[in-house]
Amino acid sequence: MAKMRVIQIAEANGPLSLVERPVPEPRAGEVRIRVEACGVCHSDAFAVTGQYPGISYPLIPGHEVAGVIDALGAGVDEWKAGQRVGVGWHGGHCNRCAPCRRGDFISCVNHKIPGINMDGGYAEYMIAPVEGLASIPDDLKSLDAAPLLCAGITTFNALRNSGARGGDMVAILGIGGLGHLGVQFAAKLGFRTIAIARGKDKGPLAKQLGAHRYIDSEAEDPAEVLKGMGGARIILATVTNSPAMTRTIGGLGRDGRLLVVGASGEPIQVSPFQLIPGRRSVGGWPSGTATDSEDTLNFSALTGVRPMIETFPLEKAADAYERMMSGKARFRVVIQVAK
Ligand SMILES: [Zn+2]
Ligand SMILES: [Zn+2]
């Protein structure tokens with residue numbers, strides 16, 4: 001039986017170990033992907049700690065997977081062997097639960113998540129259900145496509161569904177793994193784009209990514225600056241720092257919305273007086289489905305939005321994970337599985 005190299009976690013809080021496993025066969029409604037690249041996301045920490053519903057071990061992490069279809073399961077005729085595809089957080093849905101019956105597949109109660117409740121992309125091969133597949137356009141490299149399948153779709157899909165229209169003021173809080181993509185998407189979507197981060201050294205980068213104005217939150221009060229500019233329609237919070245989100249709320253304009261995609265357990269503080277006049281609100285957004293991923297990839301190929309990445313080979317996945325967790329990566333870490 002043919003073997004493949006994979007990175008496996010044997011038990012909660014266990015190490016990321018390189019092991020060999022038999023190459024799996026796709027069942028009906030599934031494809032096998034020969035993985036080329038897999039992004040390392042902060043949510044991979046769930047796979048390590050086991051603190052997410054539905055995790056069982058051993059587990060292969062990874063939900064930013066780009067590769068080539070290598071084998072088709074029974075009944076799969078919409079996809080071809082040799083076709084390049086990606087899989088993100090939305091690895092599949094059941095089509096039967098109450099949200100699925102309403103077409104709200106991202107809210108599926110039996111949601112399949114690569115690297116969480118099914119094996120993910122830190123491997124030479126991966127099995128994926130067809131409803132989790134996004135086609136990758138030819139002019140987008142797999143290394144660039146991988147981070148767009150979680151960090152990219154999360155910011156792009158949140159912004160395009162935010163209600164903001166061309167010319168509206170949109171602020172992106174944070175220029176990290178998510179934020180450096182969020183700034184690019186906001187500028188390319190035609191918003192008046194304001195980037196907010198700590199330190200004046202990030203200013204030139206913010207401008208290079210397309211921001212029209214940079215706010216150094218150590219030197220200026222972001223809420224005051226935004227208010228002085230007329231108030232933001234959307235503040236997209238990509239950081240995982242709830243007090244930093246709280247400090248921006250005063251910068252929302254009429255019908256302004258703090259849109260949260262950075263996940264943290266800490267409360268955001270807001271008073272009714274901040275919300276009622278001007279109909280302001282605070283809300284969140286959960287990435288999107290495979291077709292949203294496909295739209296993200298096509299939009300990025302079309303407009304030149306690209307992640308800034310650091311790459312590691314598969315056997316160095318543990319180092320890649322440590323690098324991402326250190327918070328020092330500029331800006332996404334990607335495991336290059338095959339050339
Ligand atoms: Zn992710
Ligand atoms: Zn469902």
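Visitor: Why is Cys150 called buried?
Guide: Cys150 has 9% relative accessibility. Buried means under 20% relative accessible area, exposed over 50%, partly exposed in between, with a 1.4 Å probe and protein chains only. So Cys150 counts as buried. This is a predicted model, in which local features need pLDDT of at least 70 and side-chain atom pairs count only at pLDDT 80 or more. Residues are numbered from 1 along each chain as its sequence is written.

Visitor: What makes Cys150 a donor to the zinc ion (ligand 1)?
Guide: Donors are N, O and S atoms within 2.8 Å of the metal (3.2 Å for Na, K and Ca); water is not among the atoms, so sites may look incomplete. Cys41 (SG), His63 (NE2) and Cys150 (SG) coordinate the zinc ion at 2.0 to 2.2 Å. His63 is buried, at a relative accessible area of 1%.

Visitor: How do you know how many disulfides there are?
Guide: A disulfide is a pair of cysteine sulfur atoms within 2.5 Å. A search of the whole structure finds zero.

Visitor: Why is the pair of Phe156 and Phe299 called tilted?
Guide: Rings of Phe, Tyr and Trp (its six-membered ring) pair if their centres lie within 6.5 Å; planes under 30 degrees apart count as stacked, over 60 as edge-to-face and the rest as tilted. By this rule there are five aromatic pairs. Phe156 and Phe299 have ring centres 4.8 Å apart and planes at 35°, so the pair is tilted. Both residues are buried.

Visitor: What makes Phe185 and Phe299 a tilted pair?
Guide: Their rings are 6.0 Å centre to centre, with 45° between the planes.

Note on methods
Chains are lettered from A and ligands numbered from 1 in the order in which they are written. Side-chain values use heavy atoms; hydrogens and water are left out.
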